[in-house]
Amino acid sequence: MTTLNLIHESNGHFNLSGEMSRETVMAHSNIKKIASKGDDCINFDLSEVLRVDTAGLAWLIHILSELRQQGIRLELNNIPEQLQKLMQLGQVSHLFE
């Protein structure tokens with residue numbers, strides 16, 4: 001198991017790397033570490049995510065929900081095929097469009 005690294009690259013842009021799994025996502029559940037005052041959009045680059053399970057997808061849905069309550073959009077870039085399949089199976093792809 002690897003960790004999930006959430007690196008703040010620039011205003012509202014984050015690079016995620018490692019695993020998005022039950023064991024790793026809870027360390028990043030604090031939305032205050034992700035959203036800053038004045039952000040209208042948060043962008044996650046997932047190109048370096050190695051593995052995703054259903055907990056990783058649930059974490060993204062939770063982050064999306066929390067951000068929406070604050071009027072902030074979440075954009076996902078470079079979505080791994082494994083996550084795309086989980087989104088399709090769970091019929092939640094439309095949430096991230």
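**Exercise 1. Which strands does helix α1 (residues 54-69) lie across, and at about what angle does α1 run to β3?**

Step 1. Note the source: this is a predicted model.
Step 2. List the strands. Helix α1 lies across β1, β2, β3 (41-52) and β4.
Step 3. Read the angle. Helix α1 runs at about 175° to β3.
Step 4. Set helix α2 (residues 81-89) beside this. Helix α2 lies across β3 and β4, at about 105° to β3.

**Exercise 2. Work out the strand order and the pairing sense of the sheet.**

Step 1. Start at β1 (4-10). Six bridges join β1 to β2 (residues 13-20), and the two run antiparallel. In this pair, L4 stands opposite G18 of β2.
Step 2. Move on to β3. Seven bridges join β2 to β3, which run parallel. Here M20 has V52 of β3 as its bridge partner.
Step 3. Add β4. Five bridges link β3 and β4 in the parallel sense. F44 has L76 of β4 as its bridge partner.
Step 4. Assemble. The order is β1-β2-β3-β4, in an open sheet with mixed pairing. The edge strands are β1 and β4 (73-77), each pairing on one side only.
Step 5. Add the twist. Neighbouring strands are turned by 25° against each other on average, direction ignored.

**Exercise 3. Test whether the length of α1 fits its residue count.**

Step 1. Take the 16 residues of α1 at 1.5 Å a residue. The expected span is 1.5 Å times one less than the number of residues, so α1 should span 22 Å.
Step 2. Compare with the model. The end C-alpha atoms of α1 are 23 Å apart, which agrees.

**Exercise 4. Where do the buried residues of α1 sit around the axis, and what do they pack against?**

Step 1. Pick out residues under 20% relative accessible area. In α1, the buried residues are G56, L57, W59, L60, I63, L64 and L67.
Step 2. Check their directions. They cover an arc of only 155° around the axis, so they lie on the same side of α1.
Step 3. Look at the other side. There, T54 and Q69 are exposed.
Step 4. Find the partners. The buried residues of α1 pack against β1, β2, β3, β4 and α2.

**Exercise 5. Describe what is found at the start of α1 and just after α1.**

Step 1. Go to the start. A side-chain oxygen of D53 comes to within 2.9 Å of the backbone nitrogen of A55.
Step 2. Go past the end. Just after α1, G71 has a positive phi of about 75°.

Technical notes. Residues numbered from 1 in each chain as written. Predicted model: local features only at pLDDT ≥ 70, side-chain atom pairs only at ≥ 80, totals over all residues. Heavy atoms only, no water. Pairing = 2+ DSSP bridges. Helix = DSSP H or I, 4+ residues; strand = E, 2+ residues; numbered from the N terminus. Axes fitted to C-alpha atoms, helices over the stretch in contact; angles between N-to-C directions. Contact = heavy atoms within 4.5 Å. Buried < 20%, exposed > 50% of the residue type's maximum accessible area, 1.4 Å probe, protein only. Arc of directions from axis to C-beta. Polar contact = N/O pair within 3.5 Å; in protein donor to acceptor, adjacent residues only side chain to side chain.
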